[in-house]
Amino acid sequence: MNQRDSLLLVLLMALWGFNFSVIKLGVNNIDPFLLTALRFTLAVLPLIFFIRRPNVPWRYLMAYGLTFGVGVWGLTTLSVGAGLSSGLASLLLDMSVISSLLVGRYLLKEQVTLSKVLGSILALIGLGIIIWNQDGTVTVLGLALVLSASVFWSVNGLIVKRSGTREIFAFNIWGMAFAPVPLLLLAMAVSGPSSVAQSILEINGSVLFSAAFQAYPTTLLGYWFWNKMIVKYSVSSVAPMTLLVPVFALIGGYLFFGESLDAAQSIAAIVILLGVAVSEIKLPKRRVVVKVG
C-alpha cells in the first residue's frame, strides 16, 4: 500500500472514530431513532434519483436497509442515547469479530482458522472484564444494544455477499432507502407520535450538523473510499486499519465530552483490540484449521 493511500485510510479511520462523538452530540438533542432516520434520509435524497438501481433482487436491498440502517446504526445510536459512552460504543461494535466467525462457519460454510478462534476468545475476555467490573458507567441496556448492533454488522456483510453485487455504491444508496421509514416508526413506537412530532419541530443546528456529518463524510464519502481501497488492495492489508476506529472514538469522547476509561475498562479495550488484531492475522498456506461444531 502506498503512503498516500495509507494516510488517507488513517484519516478515514479518524473520521469514523470521531463520528461516534458526533452521534452523541445528536442524541443529546433528539430521539436516537429519529436522528438515524434523518441521517439516512440525507444520505439517500436526492442522490438516489441520479443513480441506477443495482441489478439485484429487491429483497437484498430491503434486508440491507434494515440490517445496516436499523440493526447496526439505529441500535448503536440508541446505545449511546441509553448511556453508553461514544468510545465504548465504537469499541464494543468490534465484537462483530465473534458473530462474523459464526456467520462464516454456519451460513457461508467457511473454514474457521485458529487465528479467528483465538481472536474471538480474547474479545470475549475483554467483554467479560467490562461486564465484571460494572461500575455504573456502562448501562446494561446500552451494552445489550451495541452488542446486538455488532451481530447485525455481521449479518449485513452476509447480505452483501449473498447479493453478489458489484455495484457497491449503488447498492448502498438503494439499500439505505429502506432505513428511514422503519426508523421513524420505531421512534414513534418508543417515544410516541406526539413526542416525535415535537422533536421534529425542535430540530436545531446541533441535530442538523450531527445528521449531515453522519450522512455525507461518514457514510457516502467514507464507505465509497473504503470500498475503493478494498478493491485496490487485499482485504488482509486494509481490514486491520479498522482497529484505529475505536482509538479515535475514545480520543474524541475524551476531547469533546470528557469521557475516560477506568483501569479495568482500559485493560478490556486493549484485550478487545488485540483480539480483533489477532483475528485478522493470515496464517501460512499450511495453516491450522479448527472445526467448529
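1. A good place to start is the outside of the protein. Val247, Ile251, Tyr254, Leu255, Phe256 and Phe257 together make a nonpolar surface patch of about 590 Å². Please keep in mind as you look at it that this is a predicted model.

2. Take one member of that patch, Val247, which belongs to helix H13, spanning residues 244-257. Is Val247 buried or exposed, or somewhere in between? With a relative accessible area of 33%, Val247 counts as partly exposed, because the buried class ends at 20% and the exposed class begins over 50%.

3. Now step back to the whole chain. You will find 14 helices and two strands in it. The accessible surface adds up to about 14000 Å², and carbon and sulfur atoms account for 68% of that area. Of the chain's 293 residues, 48% are buried.

4. The contacts say something about how the chain is put together. If you take those between residues at least 6 apart in sequence, 90% of them link residues at least 24 apart.

5. Inside, the largest nonpolar core holds 78 residues. Which of its members touch the most others? They are Leu9, Leu12, Met13, Trp16, Trp73, Leu92 and Met176. Helix H1, covering residues 3-27, supplies the largest share of this core, with ten residues.

6. Met13 deserves a closer look. Setting aside its neighbours within four places in sequence, this residue is in contact with Trp226, Met241, Thr242, Leu244, Val245 and Phe248. Two of the names you have now met, Val247 and Phe248, can be found in the sequence by their numbers; Val247 is in the surface patch, while Phe248 is a contact of Met13.

7. Helix H2 is a nice one to trace by eye. It runs over residues 32-44, 13 in number, and spans 19 Å from its first C-alpha to its last, close to the 18 Å expected at 1.5 Å a residue.

8. How many of the residues of H2 are buried? Ten of the 13 are, so the helix is mostly covered, given that buried means under 20% relative accessible area. Among them are Pro32, Phe33, Leu34, Leu35, Arg39 and Phe40.

9. Thr36, also in H2, is a helpful residue to finish on. Its relative accessible area is 0%, which means that Thr36 is buried. What does Thr36 touch, beyond residues up to four places away in sequence? The answer is Gly69, Trp73, Gly74, Thr77 and Leu183. Trp73 appears here as a contact of Thr36 and is also one of the core residues that touch the most other members.

How values were computed
Residues are numbered from 1 along each chain as its sequence is written. This is a predicted model: local features need pLDDT of at least 70, side-chain atom pairs count only at pLDDT 80 or more; totals for chains, interfaces and linings use all residues. Side-chain values use heavy atoms; hydrogens and water are left out. A nonpolar core is a set of buried Ala, Val, Leu, Ile, Met, Phe, Trp, Tyr and Cys residues joined through side-chain atoms within 4.5 Å. Buried means under 20% relative accessible area, exposed over 50%, partly exposed in between (1.4 Å probe, protein chains only). Helices (H or I, at least four residues) and strands (E, at least two) are DSSP runs, numbered from the N terminus. Contact means heavy atoms within 4.5 Å. Accessible areas come from the Shrake-Rupley method with a 1.4 Å probe; for residues, only the protein chains shown count as cover. Patches are made of residues with over 30% relative accessible area and no salt bridge: like charges are joined within 9 Å, nonpolar side chains (Val, Leu, Ile, Met, Phe, Trp, Tyr) within 5 Å. A salt bridge is a side-chain nitrogen of Lys or Arg within 4 Å of a carboxyl oxygen of Asp or Glu. The expected span of a helix is 1.5 Å times one less than its number of residues.
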